[in-house]
Amino acid sequence: MTSAPARPVDLYPTRGPEEVLVGRKDPVVWSEPGTPGPFWARELEAYERDGFVTVDELVSPGEVAALRDELDRLVSDPRVREDERAVLEPRSREIRSVFEVHRISEVFARLAADPRVLGRARQILGSEVYVHQSRVNVKPGFGAHGFSWHSDFETWHAEDGLPRMRTVSVSIALTPNHTTNGSLMIMPGSHRTFLGCAGATPEDNYKTSLRMQDAGTPSDEALTTFAEACGIRHLTGPAGSATWFDCNAMHGSGDNITPYPRSNVFLVFNSVENRPELPFAAPVRRPSFIAARDATPLG
């Protein structure tokens, strides 16, 4: 009888009876020094140190206008609203996020494969890459909810089965991001320590976590420890600017109670050498529109 393949060692245990802190066991920048790409060496050094780096104008004003038009088309399409890939605000029932936008929109597919985007992902991850997740986040004014503090990798490891920290996200601003309209907040240097959260993963957790995260949320005590050690940085910028951040960086955003909307396109690139296993701390994998099964490299 042929035995089943051995389960990979879990380097980052989480969703147990209590919180645990684990030092990072993976590189932050996987490519060799001097590897050519769109990032300057000093930008990669900042990314290595802080867990994030900003690019003031990743896309031009004209390109932003085209992306905004496509965003408006998606959120006004009744078929998109009824699709399981659309997440609605709990109170207003306005669209909060649309997932897998690089699959349902040629405009966002071209953005994901753009050398300015794809080249930077390859440079950080040191390999060919594919899109693990994509979405547009829409934060309309007057009450759009924020996102609690979390590490994306904790969820992607626990519920999607990504074994290593070889994944990078980019958030591209489609509207100005101010400190007042729910901009991204991040704890610089937090990417170097993994926080394994307490508590089991409920079945079909994604159905509620996409609106309001519960499982995989750090305790107030742990967040205080991280904040005191790392500080908190608001990431703001004009439309067209972008923030690249490590999968294990502790981040979140506040509610938007201003009149000014905040919309971003969010692309997650994973190394083809870091394909998902079975979930490390969940009953089943999340759906493919949230966590891709197809690891075909882009480009």
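The exposed residues Ala41, Arg42, Glu45 and Arg49 lie on the face of helix H1 that is turned away from its buried side. The model is predicted. Helix H1 runs over residues 41-50, and its buried residues are Glu43, Leu44, Ala46, Tyr47 and Asp50. These buried positions share one side of H1, because they cover an arc of only 155° around the axis. Their packing partners are strand S2 (52-55), helix H6 (115-125), strand S7 (167-173) and strand S11 (242-246). Gly51 follows H1 and has a positive phi, near 90°.

Helix H9 spans residues 220-230 and buries Ala222, Leu223 and Phe226. The arc here is only 95° around the axis, which puts the three on the same side of H9. Asp220, Glu221 and Glu228 are exposed on the face turned away from that buried side. The cover over the buried residues of H9 includes four strands: S1 (20-23), S6 (147-151), S9 (193-196) and S12 (250-253). Just after H9 comes Gly231, with a positive phi of about 80°.

Helix H7 covers residues 152-160. Nine of its nine residues are buried, so H7 is largely enclosed by the rest of the structure. The buried set includes the acidic residues Asp152, Glu154, Glu159 and Asp160. It also holds Phe153, Thr155, Trp156, His157 and Ala158. Gly161 follows H7, and its phi is positive, near 85°.

Positive phi also occurs outside glycine. Most residues other than glycine have a negative phi. Arg15 is not a glycine, yet its phi is positive, at about 60°. Arg15 sits in the segment before S1. It is buried, with a relative accessible area of 8%. Glu100 likewise is not a glycine and has a positive phi, of about 55°. Its place is the loop between strand S4 (95-99) and helix H4 (101-104). Glu100 is buried too, at a relative accessible area of 14%. Both values fall under the 20% limit for burial.

Two loop residues illustrate pairings between distant parts of the chain. Arg192 lies in the loop between strand S8 (184-186) and S9. Its relative accessible area is 38%, so Arg192 is partly exposed. Along the chain, Arg192 and Gly23 are 169 residues apart, but their C-alpha atoms are separated by 6.4 Å. Leaving aside residues up to four places away in sequence, Arg192 touches Gly23, Arg24, Val28, Glu48, Arg49 and Asn248. Of these contacts, Arg49 is one of the exposed residues of H1.

Ser60 belongs to the loop between S2 and helix H2 (61-76). With 25% relative accessibility, Ser60 counts as partly exposed. Ser60 and Ser241 are separated by 181 residues in sequence. Their C-alpha atoms are 9.0 Å apart in space.

The global descriptors complete the picture. The protein contains nine helices and 13 strands. Its radius of gyration is 18 Å, close to the 19 Å that the globule rule gives for 299 residues, so the protein is as compact as a globular protein of that length. The C-alpha trace spans about 55 × 45 × 45 Å along its principal axes. Of the 299 residues, 56% are buried. Contacts between residues at least 6 apart in sequence were also classified by separation. Among them, 86% join residues at least 24 apart.

The accessible surface of the protein is about 13400 Å². Carbon and sulfur atoms account for 53% of that surface. The protein carries 32 positive and 40 negative charges. The mean positions of the two sets are 2 Å apart.

Key:
Residues numbered from 1 in each chain as written. Predicted model: local features only at pLDDT ≥ 70, side-chain atom pairs only at ≥ 80, totals over all residues. Heavy atoms only, no water. Buried < 20%, exposed > 50% of the residue type's maximum accessible area, 1.4 Å probe, protein only. Arc of directions from axis to C-beta. Contact = heavy atoms within 4.5 Å. Rg over C-alpha atoms; globule rule 2.2 N^0.38 Å. Areas by Shrake-Rupley, 256 points an atom, 1.4 Å probe, with all protein chains shown as cover. Lys, Arg positive; Asp, Glu negative; His and termini not counted. Charge placed at Lys NZ, Arg CZ, Asp CG, Glu CD.
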